[in-house]
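Reader: I would like a careful look at one part of this model, followed by whatever is needed to place that part within the chain. Please take the reasoning slowly, and keep the local detail connected to the overall picture.

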Amino acid sequence: MRRGSVIPLLCIVAFACAPQPSQDFVDRDRNVFRGDLANQPIRPVRQSIELRIDPAQEEFTGAVMIDLEVEQDVESFTFHGDQMDFGRHEMEGPGGPISIDLTALDNGLVRATPDRPLEPGRYLMALDFSRPFETTASGLYRMSAGEDAYLFTQFEPTDARRAFPCWDEPSFKIPFRVTLRVPEGLTALSNTPVDSRNTSDGWDIIEFAETPPLPSYLLAIAVGPFDRLPMDGLSVPGAIYAPRGQGSLGAIAAEITPPILAALEQWFERPYPFAKLDFVAVPEFWPGAMENPGLVTWADNLLLLDPERASALQRRQLITVTAHELAHMWFGDLVTLAWWDDLWLNESLTTWMTDVVVQRVHPELRVDVTSASAADGVMSADARPSTRAIRQEVVEATDIMQDLMLPFQKGQRVLAMVERWIGEEAFRSGVLDYVARHAWGNAVGEDLWQALDAASGEQVSSVLASFLEQPGLPLIRVEPEPGGRLRLRQQRFTTFGVELEPQLWVVPVGLKYETAEGIREHTVVLDGPTASVNLGDDVEWVLPDADSWGYYRWSVPDEMMRRLAGDDHQALAERERIGFLSNAYALLTAGALGGGDYLALLADYAEDPEPEVMTNVVDSLGRVRTAFVADDLRQDYAAWVRTSLGPVLDRVGMTGQAGEEPAIAVLRPRLIRILGLDGRDPEVRRFCDQTARSFMRDPESVDPGVVGVALQVAARDGDRSRVDACLLYTSDAADEGVNG
């Protein structure tokens with residue numbers, strides 16, 4: 001979430017042989033939530049679903065046929081079917097028809113009690129049911145867009161049970177066949193291509209091809225009067241579906257998607273795993289995007305962009321989310337987590353792969369540089385007492401989506417740290433082996449760890465366990481010792497004034513250092529409280545996070561810190577300079593760096609030629625202004641801002657230029673905001689005033705990349721009309737997915 005070539009359908013035997021959860025970590029007692037479905041000696045092996053659904057109505061009807069395999073005698077069993085009115089409910093087995101009684105339980109569970117015990121063998125359960133549509137974006141829900149009514153689904157994590165009876169847990173990964181009866185003339189979509197279509201008594205009957213093995217949470221349905229825009233250049237058929245009248249707004253997505261998919265197919269050395277690839281735009285879609293195979297659901301303000309008005313930030317966001325959702329086709333869809341404890345397997349791998357593929361297809365976005373500070377937010381949160389481990393037991397449905405920054409951002413950064421340590425080739429080899437071993441089945445965290453261990457010859461599992469199964473992050477201190485040695489010490493990193501239980505990690509510490517012979521690198525795996533390393537007696541400085549991929553904070557002696565911020569900082573790569581600034585702010589919050597020293601470091605970086613570095617400088621100033629700039633210092637601070645940042649804005653200009661670097665488009669509004677508000681720069685304020693006036697006369701006449709911030713600056717000294725214009729723009733920008 002934000003969320004191919006025709007694959008022969010796997011038979012029942014293939015599913016039975018697929019990897020099943022076997023680790024102690026996923027076998028803990030989860031009776032409150034799981035209802036013991038995974039421990040029952042009965043399991044589904046195939047399911048057909050038929051729904052009669054009309055967006056104009058308030059409820060729907062349906063029928064399911066579920067093939068079951070009974071492994072030992074069963075007197076009763078449970079499945080999921082939340083708030084359903086059942087009609088026909090019966091079974092048939094080796095001995096003929098079987099009557100069953102159904103009893104509704106908590107958590108959407110239903111107990112089925114046959115009129116006689118079920119002996120081992122194959123059975124078929126048939127259920128008819130009815131249910132109201134949901135009206136929020138979960139389950140099978142109805143909504144309106146303009147004058148039209150639509151139906152959509154969102155099943156992750158536990159809402160398929162609110163659409164049809166099923167085994168609604170990710171370890172039950174089976175083929176599904178979906179048939180929809182919808183009012184004649186409406187478009188109906190699901191995960192697979194249409195097998196057949198008929199019309200009877202004003203209803204279209206659409207039968208979709210059987211899916212490969214999928215968990216129930218990845219099934220998807222959309223019904224309504226959609227516009228269709230083909231996506232040409234894919235390795236499979238594909239199209240973008242949008243609410244009526246909005247189809248042309250999918251043009252940018254249709255253009256960027258084929259090369260992203262091709263890059264993923266090349267990296268994985270296997271084709272896209274599913275038979276088609278459609279995107280559907282969903283109004284007011286809270287997840288942002290969802291990786292349903294063959295039918296990715298998108299928030300309409302992310303997917304549908306006006307080609308004439310889309311900003312660089314909107315395009316970048318569309319590219320990034322597209323790469324993320326398509327990477328999920330392998331991480332999550334082809335290989336699925338066995339239980340929600342390992343949500344990080346879906347999201348951490350996918351977020352890591354997002355950067356890989358975006359860098360390959362769109363190097364102009366420079367995610368290899370900008371990602372240096374991407375984990376700052378989660379690292380800050382991870383230093384608090386309330387933080388949690390990425391990987392922990394999930395016993396309630398509400399546990400699944402808590403602290404999503406952890407699997408998305410912490411997990412991604414930890415994987416990137418491991419990749420830098422063992423090397424890109426070994427990391428890729430391990431991941432490809434993991435995918436090959438568990439394709440069309442389920443996996444647990446240890447499956448990935450062991451594959452990386454085998455591919456690298458290193459104890460990757462020890463590193464990953466220490467970072468994923470306990471909360472927090474380490475602080476690595478570098479202390480010079482006599483004889484050219486360095487002492488590395490680790491302790492738990494916390495914000496100032498907070499005391500937490502001590503912890504230790506297994507940390508691959510990347511050291512970059514300068515000697516008389518030049519700049520060198522060395523990695524030390526710190527697996528205890530301290531370690532000593534000999535780099536030589538002529539070391540000028542040490543950067544304890546080479547390439548800035550580490551998921552840890554670091555500190556060096558004051559003199560060395562000043563060298564890294566002064567003339568020597570140009571010896572650091574651009575990404576490392578961004579990492580240096582991010583780490584300096586973290587030390588400030590921990591009380592390990594004084595406010596004056598921190599501002600002096602920022603001043604040293606204020607003339608950096610790279611826009612990505614300057615963006616970090618500007619953002620850093622915004623974070624500390626409130627704490628350090630008292631009222632009596634505001635004039636002096638404003639002068640400092642104008643002197644330090646005015647020349648930077650002069651270089652980039654106050655309006656966007658055709659063909660400029662995307663990083664410039666990110667930096668420009670930040671500079672305008674800080675110079676206009678904090679620096680009180682008269683030229684910038686005049687520009688914002690003129691832009692606001694132009695916007696109020698003709699919103700289409702102004703640069704979309706700066707109009708939001710220009711209105712903010714102008715509204716500070718403006719009348720009520722300026723404030724209203726700013727509020728209106730902010731509301732419209734949120735609807736259209738505008739950032740910045």
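**From one residue to the strands**

Author: Leu-599 is found in helix 16, which covers residues 595-605, and everything said about it here rests on a predicted model. With a relative accessibility of 30%, Leu-599 counts as partly exposed, because that value falls between the 20% under which a residue is buried and the 50% over which it is exposed. Leu-599 and Phe-467 are 132 residues apart along the chain, and their C-alpha atoms are separated by 32 Å.

That separation can be set beside the dimensions of the whole protein chain, whose C-alpha atoms fill a box of roughly 85 × 70 × 45 Å along the principal axes. The radius of gyration of the protein chain is 28 Å, which agrees with the value near 27 Å that a compact globule of 740 residues would have. Of those 740 residues, 58% count as buried, while the protein chain exposes about 29,000 Å², with carbon and sulfur atoms supplying 46% of that area. The secondary structure comes to 22 helices and 28 strands. As for charge, the protein chain carries 65 positive and 114 negative side chains, yet the centres of the two sets lie 3 Å apart.

Another helix gives a view of burial at the level of a whole element. In helix 21, residues 707-717, eight of the eleven residues are buried, so that the helix is mostly covered. Among these buried residues are Val-707, Gly-708, Val-709, Ala-710 and Leu-711, and further along helix 21 they include Val-713, Ala-714 and Ala-715.

Burial also marks one of the strands, and the part that deserves the closest look is strand 13, residues 203-208. Why is strand 13 described as largely enclosed by the rest of the structure? Five of its six residues are buried, and it is therefore largely enclosed. Strand 13 has partners that can be named: five bridges join it to strand 10 in the antiparallel sense, and six bridges join it to strand 12, residues 194-200, which also runs antiparallel to it. Ile-206 of strand 13 is the bridge partner of Leu-180, and Ile-206 also stands opposite Arg-197. Ile-205 of strand 13, in turn, is the bridge partner of Asn-198. Strand 12 and strand 13 form a hairpin with two residues between the strands, and in this hairpin Asp-201 takes a positive phi near 55°.

Most residues other than glycine have a negative phi, and most peptide bonds are trans. Against that background, Asn-107 may be listed, with a phi near 60°; this residue sits in the loop between strand 5 (96-104) and strand 6 (109-114) and, at 37% relative accessibility, counts as partly exposed. Arg-366 likewise has a positive phi, near 55°, and it lies in the loop between helix 6 (343-361) and helix 7 (367-370). The relative accessible area of Arg-366 is 21%, so this residue is partly exposed, given that buried means under 20%. The peptide bond from Glu-156 to Pro-157 is cis, with omega near 0°, and Pro-157 is placed in the loop between strand 9 and strand 10 (176-183).

Strand 9 leads to one more piece of the architecture, an open sheet of four strands in the order 8-9-14-11, in which the pairing is antiparallel. Its edges are strand 8 (139-145) and strand 11 (187-190), each of which pairs on one side only, and the twist averages 10° from one strand to the next. Strand 8 and strand 9, residues 148-154, pair in the antiparallel sense over seven bridges, and Met-143 stands opposite Tyr-150 of strand 9.

To return to the starting point, Leu-599 of helix 16 is partly exposed at 30% relative accessibility, whereas strand 13 is largely enclosed, with five of its six residues buried.

Note on methods: Residues numbered from 1 in each chain as written. Predicted model: local features only at pLDDT ≥ 70, side-chain atom pairs only at ≥ 80, totals over all residues. Heavy atoms only, no water. Rg over C-alpha atoms; globule rule 2.2 N^0.38 Å. Buried < 20%, exposed > 50% of the residue type's maximum accessible area, 1.4 Å probe, protein only. Areas by Shrake-Rupley, 256 points an atom, 1.4 Å probe, with all protein chains shown as cover. Lys, Arg positive; Asp, Glu negative; His and termini not counted. Charge placed at Lys NZ, Arg CZ, Asp CG, Glu CD. Pairing = 2+ DSSP bridges. Axes fitted to C-alpha atoms, helices over the stretch in contact; angles between N-to-C directions.
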